[in-house]
Amino acid sequence: MILNTGNRTDIPAYYGKWFANRLKEGYVFSRNPYNPQLIKKYILDPKVVDVIAFCSKNPLPFLQYMPLLKEYRVYFQVTITPYDTRIEPHVPNKNRVIDGVKALSGMIGSSAIAWRYDPILIDDYYTVDYHIHIFEEMCKRLSGYVDVVIISFIDLYRKTRKNFPHIREVTLKEQHLLAVAFKEIAQEYGLHLKICLEDSQDLRHLGIDVNGCMTKETLEKAFHITLNVPHLNQAREGCSCLLNNDIGFYNSCPHGCLYCYANEDQDEVMRNIKRHDPNSPLLIGHVHEDDIIKEAKQESYIEPQLSIFDF
């Protein structure tokens, strides 16, 4: 199975100690966001957890805990965007984050890290030309430390519109200009450009990889394995990424990014942060008497490698 940690919050940036404690205890609980009384228990064992996937805007605080993961396959998606504190209030200096990616790459290799330059938004300051310029500067810094860069354009979810009321959609013309320019720049610096869930048919004609961010094929290539993955529910229509089995918690990320789909209310975020206990099996809060705990169905998806002795 694939264990995900980053679709709802940023565990490496803020909850590393909690995750380290879960690794030591050998299990983790995850409360269902749509049925809060239901808790799923995952066993943390590399025999059944094929890959642990992280999404983060700042892997630096987590580097100290990486030795605890030496028995696991670990895949990171690290988001590095050019926005200032008006848009990303508590994301650290991007030069420090890039240094963190370089250190992380030295631990797990460039094939196990994807850089996310997303979401792309356009305003009077962050123009098309600005994005092209800063994207190339970041490619220079990250070349050799990551193999893949993933881009997407801002989606105006209800939560996003609430927290970022003046943002607008990126026009199709702007998307095309950026996608073509980014592809050429990425190729120049040895990076493979992917695009996340946009107008696939249109962008495919431009030679852009639209086959998904963290797909079965992505993980097979990263770790030189073959996966036999059962049918899983899609995170979004048209998404082929393996994003099930997430242990995060919505409304718990302190970054405060205005475009975030996982945070709806900053007051609730602060309340949840106060409820965090690094010794609890749950990321936020504790188990209640009326909670229902169910064991997750866990099995390895990895197909055994045949050798000449198997014939």
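**View 1. Three strands form an open sheet in this predicted model.** The strands lie in the order 2-3-9, and their pairing is mixed. On the edges sit strand 2 (27-31) and strand 9 (292-295), each of which pairs on one side only. On average, neighbouring strands of this sheet are turned by 30° against each other, direction ignored.

**View 2. Here is a closer look at strand 3 beside strand 9.** Strand 3 covers residues 38-43 and runs parallel to strand 9, with four bridges joining the two. To find your way along this pairing, look for lysine 41: opposite this residue stands glutamate 295 of strand 9.

**View 3. Helix 6 covers residues 172-188.** Does its length fit, you may wonder; what span should its 17 residues have? At 1.5 Å a residue the expected span is 24 Å, and the end C-alpha atoms are 24 Å apart, so the two agree. Several side chains of helix 6 are worth picking out: Glu174, Gln175, Leu178, Ala179, Ala181, Phe182, Ile185 and Ala186 are buried. After the helix comes glycine 190, which has a positive phi, near 75°.

**View 4. The largest nonpolar core brings together 95 residues.** In soluble globular proteins, nonpolar side chains tend to be buried together. Phe19, Leu69, Trp115 and Tyr117 have the most contacts inside this core. Helix 4 (residues 128-142) gives the most to the core, contributing six residues.

**View 5. Phenylalanine 19 is shown with the residues it touches.** Leaving aside residues up to four places away in sequence, phenylalanine 19 touches Thr5, Ile11, Ile52, Phe54, Phe62, Leu69 and Ile247. One of these partners, Leu69, is also listed with Phe19 among the residues with the most contacts inside the largest nonpolar core.

**View 6. Asparagine 251 sits in a loop between two helices.** The loop links helix 8 (216-223) with helix 9 (266-275). Is asparagine 251 buried or exposed? Asparagine 251 counts as buried because its relative accessibility is 7%, and the cut-off for buried is under 20%. Not counting residues up to four places away in sequence, asparagine 251 touches Ala262, Asn263, Glu264, Asp265, Glu268, Val269 and Asn272.

**View 7. Residues 307-311 call for some care in reading, as pLDDT stays under 50 there.** For this stretch the model has two contacts beyond four places in sequence. Over the protein chain, pLDDT averages 92, and 94% of the residues score at least 70.

Note on methods. Residues numbered from 1 in each chain as written. Predicted model: local features only at pLDDT ≥ 70, side-chain atom pairs only at ≥ 80, totals over all residues. Heavy atoms only, no water. Pairing = 2+ DSSP bridges. Axes fitted to C-alpha atoms, helices over the stretch in contact; angles between N-to-C directions. Expected span 1.5 Å × (residues − 1). Buried < 20%, exposed > 50% of the residue type's maximum accessible area, 1.4 Å probe, protein only. Core = buried A, V, L, I, M, F, W, Y, C linked by side-chain atoms within 4.5 Å. Contact = heavy atoms within 4.5 Å. pLDDT = per-residue confidence, 0-100.
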